[in-house]
Amino acid sequence: MSSDIYDVLLNPTRVRIIQTLSLNTQETITANEICAFLSDVPRTTLYRHINVLIEANILHIVAERKIRGSVERTLSLNIAELEKLSEAEDVPAVAFRFLMLTYAKFETYFKDKPNKSRASMPDTIFLRNTILMLNDKEFQSFLADLRDVFEAYTFEGPTEDRKPRDISFICAPPEQKEDDLA
């Protein structure tokens, strides 16, 4: 696996492609169906990102068929490769890349609006941190509830009144004070 695999996966468009496949009720989906689902992203951009995910072995080509001079590909997630990533040993480096990508999004957003107050911005932006006191079973239940919330608000593409919202969650170990360690 390439050391740049996390750079491949941290791209917002590729994340949306992976989410589209993972939320699909069937195990496979065609590239054309992905384009329909992510209709706010130009088709050529999606095909380019799909190819990057195929080259990185994150997506498998399950089938190909010719349709009017072009080839329609049916794709599936490479679950084995994704499971390897969840067992990564270099978690601090992955976390750093994730945080820097998030920072870059904020930097880009605010660069265009240097003198505007937060109240005049069209998007809701919030930063929140809390520590939950949970045992392992309660934490797994919390994550399942959170997954259900995400699924309840995952809709097929933008509409006149819907636009993409980039929401990131991080679960990190809390800061340990010396009093806590005694």
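In what order do the elements of the protein chain run from the N terminus on? In this predicted model, the order is α-α-β-α-α-β-β-α-α-α-α. The protein chain thus has eight helices and three strands. Of its 182 residues, 24% count as buried. The accessible surface comes to about 14,000 Å². Carbon and sulfur atoms hold 53% of that surface. Among contacts in the protein chain with a separation of 6 or more, 55% are between residues 24 or more positions apart.

The strands were examined next. Three strands form an open sheet, in the order β1-β3-β2. The pairing is antiparallel. Strands β1 (29-30) and β2 (59-67) stand at the edges. Each has a single partner strand, so one side of each is left without a neighbour in the sheet. Strand β3 (residues 70-77) pairs with β1 in the antiparallel sense, over two bridges. In that pairing, Ile29 has Leu75 of β3 as its bridge partner. Helix α2 (residues 12-23) packs on the sheet and touches β1, β2 and β3. The direction of α2 makes about 75 degrees with that of β3. Helix α4 (residues 43-55) lies across β2 and β3. The angle of α4 to β3 is about 55 degrees. Strand β3 is mostly covered, with six of its eight residues buried.

The β2-β3 pairing has eight bridges, and the two strands run antiparallel. Arg65 has Glu72 of β3 as its bridge partner. Ile67 stands opposite Ser70 in β3. The two strands form a hairpin with two residues between them. Arg68 is in the turn, in the loop between β2 and β3. The phi of Arg68 is positive, at about 45 degrees, although the residue is not a glycine. Is Arg68 buried or exposed? Arg68 counts as exposed because its relative accessibility is 84%, above the 50% cut-off.

A positive phi also occurs at Asn57, in the loop between α4 and β2. Its phi is near 70 degrees, again in a residue other than glycine. Asn57 is partly exposed, with a relative accessible area of 32%. That value places Asn57 in the partly exposed class because it falls between the cut-offs of 20% and 50%.

Attention then turned to the interior. The largest nonpolar core has 22 residues. Those with the most contacts inside this core are Ile17, Leu21, Ile34, Leu53 and Leu59. The elements that give two or more residues to the core are α1 (5-9), α2, α3 (31-37), α4 and β3. Which residues does Ile17 touch, not counting residues up to four places away in sequence? They are Ile34, Leu38, Leu46, His49, Ile50, Leu53 and Leu59. Three of the core residues named above, Ile34, Leu53 and Leu59, are thus among the contacts of Ile17.

Two buried residues with polar side chains were considered separately. His49 is found in helix α4. Its relative accessible area is 5%. His49 is therefore classed as buried, the limit being under 20%. The side chain of His49 makes a polar contact with the side chain of Arg14, at 2.9 Å. Beyond four places in sequence, His49 touches Asn11, Thr13, Arg14 and Ile17. Arg14 is thus both a polar partner of His49 and one of the residues that His49 touches. Ile17, with its place among the core residues with the most contacts, is also touched by His49.

Thr20 lies in helix α2. Thr20 is buried, with a relative accessible area of 6%. A polar atom of the Thr20 side chain lies 2.8 Å from the backbone oxygen of Arg16. Leaving out residues up to four places away in sequence, Thr20 touches Ile29, Ile34, Phe37 and Leu38. Ile29 is the residue whose bridge partner in β3 is Leu75. Ile34 is one of the core residues with the most contacts. Ile34 and Leu38 also appear in the list of residues that Ile17 touches.

Technical notes: Residues are numbered from 1 along each chain as its sequence is written. This is a predicted model: local features need pLDDT of at least 70, side-chain atom pairs count only at pLDDT 80 or more; totals for chains, interfaces and linings use all residues. Side-chain values use heavy atoms; hydrogens and water are left out. Helices (H or I, at least four residues) and strands (E, at least two) are DSSP runs, numbered from the N terminus. Buried means under 20% relative accessible area, exposed over 50%, partly exposed in between (1.4 Å probe, protein chains only). A polar contact is a pair of N or O atoms within 3.5 Å; within protein, one must be able to donate a hydrogen and the other to accept it, and residues adjacent in sequence count only if both atoms are side-chain atoms. Contact means heavy atoms within 4.5 Å. Two strands pair if DSSP finds at least two bridges between them. Axes are lines fitted to C-alpha atoms, for helices over the stretch in contact, and angles run from 0 to 180 degrees between N-to-C directions. Accessible areas come from the Shrake-Rupley method with a 1.4 Å probe; for residues, only the protein chains shown count as cover. A nonpolar core is a set of buried Ala, Val, Leu, Ile, Met, Phe, Trp, Tyr and Cys residues joined through side-chain atoms within 4.5 Å.
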